[in-house]
Number of protein chains: 2
Amino acid sequence: MRLGHRTWLFENKPKIIATGTICGPFEGKGKIPNDFDTIHGDLWLGQDSYEKAQRVMFEEACTKAVEKAGLTKEDIEFLLAGDLINQITPSSFASRTLSAPYIGLFGACSTSMEGLALASLIVDSGFGNIVLAGTASHNAATEKQFRYPTEYGGQKPPTAQWTVTAAGAAIVSSQGEGPVVTSATLGKVIDMGMSDPFNMGGAMAPAAVDTIEAHLKDRNIDLSYYDYVFTGDLGTIGREIALDLLKKHSISVNEEKFQDCGLLIYKEDQPILAGGSGCGCSAGVTYGHLLNRMRKGEIKRMLVVATGALLSPLSFQQKETIPCIAHAVSIEAGGVGL
Amino acid sequence: MRLGHRTWLFENKPKIIATGTICGPFEGKGKIPNDFDTIHGDLWLGQDSYEKAQRVMFEEACTKAVEKAGLTKEDIEFLLAGDLINQITPSSFASRTLSAPYIGLFGACSTSMEGLALASLIVDSGFGNIVLAGTASHNAATEKQFRYPTEYGGQKPPTAQWTVTAAGAAIVSSQGEGPVVTSATLGKVIDMGMSDPFNMGGAMAPAAVDTIEAHLKDRNIDLSYYDYVFTGDLGTIGREIALDLLKKHSISVNEEKFQDCGLLIYKEDQPILAGGSGCGCSAGVTYGHLLNRMRKGEIKRMLVVATGALLSPLSFQQKETIPCIAHAVSIEAGGVGL
């Protein structure tokens, strides 16, 4: 059922019954390597292009999730996926391999929770029983498309973020066991007039706060309801801005419980500037690290707020500002809902 | 409820209560100018880029639909949109203007029915009451991105299609009057190994047939159930291949009742080669011309099968074949369902 203005409350307990997470070599040297099912030793994954490597990584995440659920790929009823690459080709080509009915999405780095929200809606409303949602990003493919080929060695300001090479996929089902997706709040496009593509976190922070505020209002709760809020990829700068904005909007927040997927994945001595980003960041961290912590009992209720910067190189060249969005999904152990 | 493998049957009568359709000057000289709400006299729409013109066109289609429904833009609960331009920026920037919670989609030219299927699911399952779905394409923006700038005057083979400059948007609601969306069949990615981006219709035809076959099986009907089947943009060549494949699969079809949106929009003497294409083609034709014919009583039941070629210029350069998809939605006057 719809709750308030833009929140979906899932009353039939759609569950994340299995996930698959894959990462690249740099992420494998990060803070949470054990939370990935597979760590690749090189960026190419045996392919002849980075885009194809991203496709393979996403296929592996999906296959791993299917295996862990004890299913075969023929059991997947719908696949919801998207990514940052033009025309989301890695997702579409992976979907050719998986051969499930396919719903292509685009939400930039918010695609992870956009997909999980829709997959949960499909399962909750009985329009599907076994739905796969996921996304991926590849550092070199993204740098090449949005900025410069990495071979140029271009300098970046400290506000820039590092695109994560990772993939994450989750199977949502009404049958089986797992953390329950209890609600989702869809994002509005928020654009505060920022136009610097090297400061995505700063641009995306207002969108995250807008969605969190709507979520709390629609569910009639405050942030203390959750053990943790995990934003998508705000990085250090975006996180600070989001905390400031939450205070300005009189939303009480425990700073230690307000964390960012882009800051959880790498070690502090890795040269990632303001933090990780990319579709695979919130997908990989949520479906690996965060759900593992939930399984261990460290987290009972969490709100994952995946943020996306909906710009393109062309819109930047045409002097447009950066429209941003954030989709929030609440995941609760055992499905203790409201 | 889900019916068979990949069909959603909408039992609560989600209705298309209003639509908005906008087109460019070349389409205004076509076969169905009176079915567009607004015909623009030039391709720029007062903007300084074709991508911005596409955004404005899509905004106008949404605004027109909202006005015709007697609503304001604040009434729109969710907007589902996408397009062919990298990172679907025209849709995302339009969604900034409309300020409704936004679900970004990518299905190439199948986006129209992907959006309508999801909007109908949201309304049917009670997760929303007033949902806007739409898409747009702009000939010059698409040519520039996928092929060559039009100023080059590059030659094309007769199998090539002409990207339609048009936008179409529909408001789906449980309240109000209008044609009923009775079911939707989601597409699988089908790739028969074709790699010629100048013969999209030929590449997409097998996807259209696959979805039609699944739809008939899932609903346990034959094509005579529908007054018409309208494919997305197969054009003359794709339509011929689709008819051959239907026969090969022993699906009985009345050729006169099997039409294509890409062949309905232009006059026969317009130089469009194999027919129209682009996201705005099936959206504009369906939400304008076809629903008008339904209102006049000429069509009672139709199946719209929007086809999409999920390639990118990069995937073509990397010698990939063209993965294709088709999403089918059945629309029935007065909601005479099964």
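Copies are superposed by least squares on the C-alpha atoms of residues with pLDDT of at least 70 in both. In this predicted model, such a superposition lays chain B on chain A with an RMSD of 0.0 Å, by a turn of 180 degrees and a shift of 0.0 Å along the axis. That is the relation of a two-fold axis. Within chain B, the residue whose C-alpha comes closest to the rotation axis is B:Leu105, at 2.1 Å.

**The interface between the chains**

How many residues of each chain take part in the contact between chain B and chain A? Chain B contributes 61 residues, and these touch 61 residues of chain A. Of the interface residues of chain B, 100% are also interface residues in chain A, so the copies meet through the same surface. The area buried between chain B and chain A is about 4700 Å², and carbon and sulfur atoms give 63% of that area.

Polar interactions also cross between the chains. The count between chain B and chain A is six salt bridges, alongside 25 residue pairs in polar contact, both residues being at pLDDT 80 or more. The elements of chain B that give two or more residues to the side touching chain A include the helices α2 (50-68), α3 (89-98) and α4 (111-124). Also among them are the strands β2 (7-9), β6 (102-104) and β15 (324-332) of chain B. By class, this side of chain B divides into 28 nonpolar, 20 polar and 13 charged residues.

One of the salt bridges joins B:Glu320 to A:Arg96. B:Glu320 lies in the loop between α10 and β15 of chain B, whereas A:Arg96 belongs to helix α3 (residues 89-98) of chain A. Another pairs the side chain of A:Arg2 with that of B:Glu77.

**The two domains of chain A**

The domain assignment divides chain A into domain 1 (2-173) and domain 2 (180-332). Their contact takes 59 residues from domain 1 of chain A and 67 residues from domain 2 of chain A. The C-alpha centres of the two domains lie 17 Å apart.

Between domain 1 and domain 2 of chain A, about 5100 Å² is buried, with carbon and sulfur atoms giving 63% of this area. Which residues of domain 1 of chain A lose the most area to domain 2 of chain A? They are A:Arg6, A:Met113 and A:Gln161, which together account for 17% of what that side buries.

A:Arg6 also has a charged partner, since its side chain meets that of A:Asp210 in a salt bridge. The count between the two domains of chain A is one salt bridge. Polar contact across the same domain interface involves 30 residue pairs, both residues at pLDDT 80 or more. On the side of domain 1 of chain A that touches domain 2, the contributing elements include β3 (15-23), α4 (111-124), β7 (130-137) and β9 (166-173) of chain A. The largest share of that side, seven residues, comes from α4(A). Its residues by class are 29 nonpolar, 19 polar and 11 charged.

**Salt bridges**

A search of the whole structure finds 30 salt bridges over all chains. The table lists the pairs named in this report.

| Salt-bridge pair | N to O distance |
|---|---|
| A:Asp210 and A:Arg6 | 2.6 Å |
| A:Arg2 and B:Glu77 | 3.0 Å |
| B:Glu320 and A:Arg96 | 3.6 Å |

Key
Residues numbered from 1 in each chain as written. Chains lettered and ligands numbered in written order. Heavy atoms only, no water. Domains from an automatic or database assignment. Contact = heavy atoms within 4.5 Å. Buried area = accessible area lost by both parts, 1.4 Å probe. Salt bridge = Lys/Arg side-chain N within 4 Å of Asp/Glu carboxyl O. Polar contact = N/O pair within 3.5 Å; in protein donor to acceptor, adjacent residues only side chain to side chain. Helix = DSSP H or I, 4+ residues; strand = E, 2+ residues; numbered from the N terminus. Nonpolar A, V, L, I, M, F, W, Y, C, P; charged D, E, K, R; others polar.
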